Amino acid sequence: MSGSTKRNRLPYEGIRVLDLSQGIAGPSCGALLARQGADVIKVEPPAGDWGRLMGDGENGLTAISIGANTGKRALCIDATRAEGRAVLHRMVEQADVLIDSFRPGVMDTLGLGYRTTSTLNAALIHLSITGFGPSGPYRDKAGSDSVLQALGGMMAMNRDGEGVPRRIGMMIVDAACGVYAAQSVGAALFGRRVTGQGEHIELSLLEVTAALQTIPILDHFMSAGRERLPATVPSGTFRTRDGFINVVALRNEMFFRLAHALGHPEWASHDAWSSNAKRLAQRAEINAAIADVLRERDSADWLERLQAHDVLCAAVNDYGDFVADPQVAHAGVFRSVTLGGAPGLPFAGVPGLAGGEIGPVPRQGEHSRRILVELGLSEFDVDALLTAGVVIDEQTGCGRA
């Protein structure tokens with residue numbers, strides 16, 4: 001990254017992670033650990049991680065499976081069979097971290113619940129991600145990003161101008177869960193340096209939905225019974241002659257600078273608009289006045305003028321515009337990941353991490369043989385597992401739909 005010196009050693013180098021999770025929440029936690037140096041083994045059943053089946057992509061390389069698994073190695077194994085469980089038990093003995101994202105009780109049925117894994121390896125950090133937690137009335141309820149956005153008030157918070165609740169257009173709960181999970185694993189690894197003991201981290205999408213919305217939830221209850229007002233005026237998205245820009249004024253002096261930039265210095269001396277409290281009361285009039293002015297010029301013209309007056313503003317970009325932005329390019333925000341002969345795809349770096357290359361994009365079962373040989377199994381034993389269909393590699397073909 002520009003302005004940074006690449007670290008000689010990444011923070012999680014030497015840490016071994018067994019990632020049995022699927023989808024986004026658990027796998028993206030594993031991907032963060034991998035990009036910070038951990039050796040992460042992606043373990044999938046013969047049917048594959050469901051993230052390989054959702055969205056565009058070929059051979060199981062969808063946006064979900066790429067974004068949540070890049071930098072890992074891939075093992076395909078049938079954990080419903082005793083021979084498969086025996087291999088995973090052996091891997092648990094050598095792991096530092098295990099990640100799972102199944103409903104409560106599923107890992108126990110596979111012989112991989114915490115009671116078993118902690119016996120196999122007392123120093124293991126075992127992370128279990130569920131929808132609603134290990135107990136309670138929703139224990140066995142299916143949890144997903146959309147379900148939690150609805151249940152957790154997020155859709156209501158994001159309602160449109162007509163008051164209709166709207167889902168946020170990305171899997172924000174799952175993505176945030178991956179970050180919270182990676183932080184929890186890091187904290188547990190730090191604690192293990194003192195105690196020498198592992199622990200069971202139980203993290204739910206329900207908790208993440210609440211934590212992620214701490215401020216709007218507080219705001220909801222602090223303004224109970226009163227009309228919910230914006231934090232500041234003006235603050236919003238306005239149409240220009242050729243597009244949209246976002247404009248914000250957080251303090252009086254920012255609003256006064258905005259007034260001058262828009263060619264209306266008299267607004268700064270308008271007593272009814274002289275403080276944020278007063279502007280809140282006049283928000284419809286102020287926003288309408290600003291909207292009338294901004295429609296007169298193109299977005300680029302306004303951005304140049306507003307930035308010259310140090311006004312908080314930005315163009316409303318699509319992803320193509322964002323990736324091509326000059327500051328984004330200068331900061332090295334994106335690296336390129338290449339799949340076969342296809343053009344490189346933009347892949348965001350880990351914020352704050354110097355170095356940490358993207359790493360390979362694993363196909364299902366791509367590294368099965370190599371991983372098992374590293375585990376200490378003989379070539380004869382690996383061949384026997386492959387022949388029996390307990391382990392599947394990329395050559396023999398995993399059971400992807």
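At 66% relative accessibility, Ala308 counts as exposed, because the label is given to residues with over 50% relative accessible area. This alanine belongs to helix α14, which covers residues 299–308, and it offers a convenient place from which to begin a walk through the structure, which is a predicted model. If we look from Ala308 towards Glu366, a residue 58 positions away along the chain, we find that the C-alpha atoms of the two are separated by 53 Å.

That distance can be set beside the dimensions of the whole protein chain, whose C-alpha atoms fill a box of roughly 85 × 50 × 45 Å when it is taken along the principal axes. Within this box the chain has 18 helices and 14 strands, and of its 401 residues, 42% are buried. Among the contacts with a separation of 6 or more, 69% are accounted for by residues that lie 24 or more positions apart in the chain. The accessible surface comes to about 20,300 Å², and carbon and sulfur atoms hold 55% of it. As for charge, the chain carries 38 positive and 45 negative side chains, and the centres of these two sets lie 3 Å apart.

From the exposed alanine we can turn to a helix of the opposite kind. Helix α1, made of residues 25–35, is mostly covered, since 10 of its 11 residues are buried, which means that each of these has under 20% relative accessible area. The buried residues of α1 include Ala25, Gly26 and Pro27 towards the beginning of the list, as well as Leu33, Ala34 and Arg35. Just after this helix, Gly37 takes a positive phi of about 110°.

Our last stop is a sheet. Three strands form it in the order β9-β10-β11, with antiparallel pairing, and the sheet is open. Because β9 (235–239) and β11 (312–315) stand at the edges and each has a single partner strand, one side of each is left without a neighbour in the sheet. Neighbouring strands here are turned against each other by 20° on average, if direction is ignored. Looking more closely at one pair, we see that β9 and β10, the latter formed by residues 244–248, are joined in the antiparallel sense over five bridges, and that Ser235 stands opposite Val248 in β10. Helix α13, which spans residues 283–294, packs on this sheet and touches both β9 and β10, while its direction makes about 35° with that of β9.

How values were computed: Residues are numbered from 1 along each chain as its sequence is written. This is a predicted model: local features need pLDDT of at least 70, side-chain atom pairs count only at pLDDT 80 or more; totals for chains, interfaces and linings use all residues. Side-chain values use heavy atoms; hydrogens and water are left out. Helices (H or I, at least four residues) and strands (E, at least two) are DSSP runs, numbered from the N terminus. Buried means under 20% relative accessible area, exposed over 50%, partly exposed in between (1.4 Å probe, protein chains only). Contact means heavy atoms within 4.5 Å. Accessible areas come from the Shrake-Rupley method with a 1.4 Å probe; for residues, only the protein chains shown count as cover. Lys and Arg count as positive and Asp and Glu as negative; His and the chain ends are not counted. The place of a charge is taken as NZ of Lys, CZ of Arg, CG of Asp or CD of Glu. Two strands pair if DSSP finds at least two bridges between them. Axes are lines fitted to C-alpha atoms, for helices over the stretch in contact, and angles run from 0 to 180 degrees between N-to-C directions.
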